[in-house]
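Biologist: Let us take this one by question and answer. Please put it on the screen first.

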Amino acid sequence: MSQRAQITPLSGFPEWLPEQRIVEQMLLDRIRRLAELYGFVPLETRAVEPLEHLVHQGETSKEIYTVGRLQDEGATADLGLHFDLTVPLARYVQEFRGRLRFPFKRYQIQKVWRGERPQDGRYREFYQADLDVVGDGELSLHFDAEMPAIMHELLAALPVPTATVLVSNRKVLDGFGRGLGRDDTTGIIRALDKLDKIGADGVRELLCGEVGTTDGEADRWLALAEIRSPDLDFVDAVTALGVSDDLLTRGLDELTTVVAASASLPRGAVVADLHIARGLDYYTGTVFESTIAGHSDLGSICSGGRYDDLASGGGHPLPGVGISVGVSRLLGRFLGGGQLRASRATPTCVLVALVDEGGRGRSAAIARRLRTRGIAAEVFHEPLRFGKQIRHADRRGIPFVWFPARGDDDTDSVRDLRSGTQVPADADAWMPPDADLHPAIESTAAAAP
RNA sequence: GUGGCCGUAGCUCAGUUGGUUAGAGCGCCGCGUUGUGGUCGCGGAGGUCGCGGGUUCGAAUCCCGUCGGUCACCCCA
C-alpha cells in the first residue's frame, strides 16, 4: 500500500474535461427543464440499496457493485450501488407512500453503476435521467400514451440528429405466444430483440436452434417482429397473422391508444415496432425505445415502459410507467466524437486585466460590478504585460478582456477577442451580446443544435 | 466471465532484418514584440518505450508472464 498506485484511466468510468462537463451540464439542464414543464417533481434517492432488494428485482446480480467497509474484513456486503433508477423508485414510493401524492410523477437524474464490460456507448458509471409516473392501485393508460410525446420532445431538445421513438407492448408478444400455445416467451423475446443486429436469418437460426421452435412458428414470430408502422396499420397486420388470444387483443388495444395519442406529432416521429421488448424483465405492458438517425449502432438512448408489478404498498399494487435517458451514452458518442463541444472552456465571460500591483483593488471592483449584473468575470492574477493576459483569455475561450482606465483622464475599455475591436465601457452598464453571456453548445456534423 | 487487437512525449503517431544519443506534428514555455493576443521566425522543456522476467555482445524491436486499454460475445442507457 505504500507504493504509489499508477495513475491510469479506469475503463468504463468516464471523466470529462471542463469544456465537456459544460456540455453535459447543459444537457442535464435541458432534461430537467422539460421534465418540470410536464409537471414532474424532482427526486434524488440514495446511491445504495439493500443488496437483497436489488437482486430480487431482476437484473443479473453479477452487474451489481457491492459496497462494504474496508474495516469489516470478511464481512458479506449487504448494500449494492443501484444499477438503474427504477428499482430505487419502487422502494422509495413504498417507503414514502403515505406522504406522496398519486399519480406520483417524478424526474430523477443520477449516476448509476453496472459492473459490465465497458464498450463503445457502455459504461460502468453513467448518468441516467428518468421520468416516471407511479399510481396508487392503478395507473391510467393516459400516462403510457403521454410518454412518446415527452420522449420526442426530449430528444428534439438535445443536440443530436433526429430521433425516432419506437413503441410496442409486452402483452402483444406474450399474448401472441399464448395464442401459439407458448407460456414462456423470454427466449423468443431475446432472439427477436437481435433482429436489427443479426437480421431475420440470424433470428430464425436462434429460434429454431436455441429456443427450439418449429420452422412454422419461427416464421410467424418473424412476421410479427417485422411489423412496423407509423400509424394504426399494425393492428390489421397482426390480425392477419391469424393468432388470437385475449392478452394479445388487450395488448393491441393498449398499443393503439398509445400510438393514436401521438398522431399530432410529425409522421414517423413515433412508430409502432413489434420487435422491441426491452431486456429488463419487469416490463408488463407498453415498452419504448428510440433510435438516432445515423447512429443505430449506438442502441437506444431513451427507453422505458410500463411495469405493473414492481412495487406494492399496503395491499395495493403501485404500477408505473416511465422512461430513462442515457445521458452518458449520448455524450460518449457525440462529445467523444467531437460533434459536440462548448463554445468556451470556462463560464468566464470577461477577464479583467491587472495593470499593476496597486491596481488589484480597482480590477476587483470592476469584476464585482460585472458579476452583480450576472456577467461572469475574473481578475487576472499577475500584472503581466497585456499581451500575455490577452493570450491567457484567448486560450480559454474567454470572449472579452476588460482594461481598467490608466489614469484620471482615461476610461475603462473592453476588447472583443474575436473581432479585436476595443471600445470604451462602463462596468455598471456594459452588457455582452446574449450569445456570449454563457457558454453555448456548438455542434458539428449531423448533430443539430 | 470468454476471445481478438493494441500499449513509444500532455495528445496523435513514426521508429527498417535487434545496433550506438528514441524522432515528428500538434500542444506547452521563452525570446523577437518590457502595456494589446492570434500570424511568422528562433530557441527550450518534456520519455522508467505499461510493468516484470528471459534470449542476446546489444532489446522500443524477439519470447514468456502480468497489468491496462479497446473491440466482439452476453446484456443493456
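**From one loop to the RNA**

Biologist: Where is the place of alanine 425?

Modeller: Helices (H or I, at least four residues) and strands (E, at least two) are DSSP runs, numbered from the N terminus. On that scheme, alanine 425 sits between β20 (422-424) and α14 (434-437), in the loop.

Biologist: What kind of model is this?

Modeller: Residues are numbered from 1 along each chain as its sequence is written, chains are lettered from A and ligands numbered from 1 in the order in which they are written, and side-chain values use heavy atoms, with hydrogens and water left out. Local features need pLDDT of at least 70, side-chain atom pairs count only at pLDDT 80 or more, and totals for chains, interfaces and linings use all residues: this is a predicted model.

Biologist: Is alanine 425 buried or exposed?

Modeller: Buried means under 20% relative accessible area, exposed over 50%, and partly exposed in between (1.4 Å probe, protein chains only). Alanine 425 has a relative accessible area of 15%, so it counts as buried.

Biologist: Which residues is alanine 425 in contact with, leaving aside neighbours within four places in sequence?

Modeller: Contact means heavy atoms within 4.5 Å. Phenylalanine 386 is 39 residues away in sequence and 18 Å away in space, C-alpha to C-alpha. With neighbours within four places left aside, the contacts of alanine 425 are Trp402, Asp412, Ser413, Val414 and Trp430.

Biologist: Why does threonine 346 count as buried?

Modeller: Threonine 346 lies in the loop between β15 (340-342) and β16 (350-352). Beyond four places in sequence, its contacts are Ile22, Glu378, Arg396, Ile398 and Pro439. It counts as buried because its relative accessible area is 5%.

Biologist: Which side chain does that of threonine 346 make a polar contact with?

Modeller: A polar contact is a pair of N or O atoms within 3.5 Å; within protein, one must be able to donate a hydrogen and the other to accept it, and residues adjacent in sequence count only if both atoms are side-chain atoms. For threonine 346 the distance is 3.0 Å, and the partner is the side chain of threonine 348.

Biologist: Proline 347 is in the loop between β15 and β16. Is proline 347 buried or exposed?

Modeller: Not counting residues within four places in sequence, proline 347 is in contact with Ala376, Leu437 and Pro439. Its C-alpha is 11 Å from that of valine 23, which is 324 residues away along the chain. The relative accessible area of proline 347 is 52%, so it is exposed.

Biologist: What polar contact distance joins the side chains of glutamate 217 and tryptophan 221?

Modeller: Glutamate 217 lies in helix α8 (residues 215-225). It is buried, because its relative accessible area is 13%. Leaving out residues up to four places away in sequence, it touches Leu180, Arg182 and Ile188. The polar contact between the side chains of glutamate 217 and tryptophan 221 is 2.9 Å.

Biologist: What is omega for the cis peptide bond joining phenylalanine 102 and proline 103?

Modeller: Proline 103 has its place in the loop between α3 (86-95) and β5 (104-113). The bond joining phenylalanine 102 to proline 103 is cis, with omega about -5°.

Biologist: Which residues come nearest to RNA strand B?

Modeller: A residue is near a strand if one of its heavy atoms lies within 4 Å of it. There are 42 residues around RNA strand B, and those that come nearest are Ser11, Arg122, Arg278, Ser300 and Arg406.

Biologist: How much of the RNA side of that approach is sugar and phosphate?

Modeller: Count the atoms of RNA strand B that come within 4 Å of the protein. Sugar and phosphate account for 56%.

Biologist: Which side chain has an N or O atom 2.8 Å from a base oxygen of RNA strand B?

Modeller: Lysine 194 has a side-chain N or O atom 2.9 Å from a phosphate oxygen. For glutamine 128, the partner is a sugar or linking oxygen, at 3.5 Å. The base oxygen, at 2.8 Å, is paired with arginine 329.

Biologist: Which element gives the most to the surface near RNA strand B?

Modeller: Both β6 (125-134) and α13 (386-396) supply at least two residues of that surface. With seven residues, the most comes from α13.
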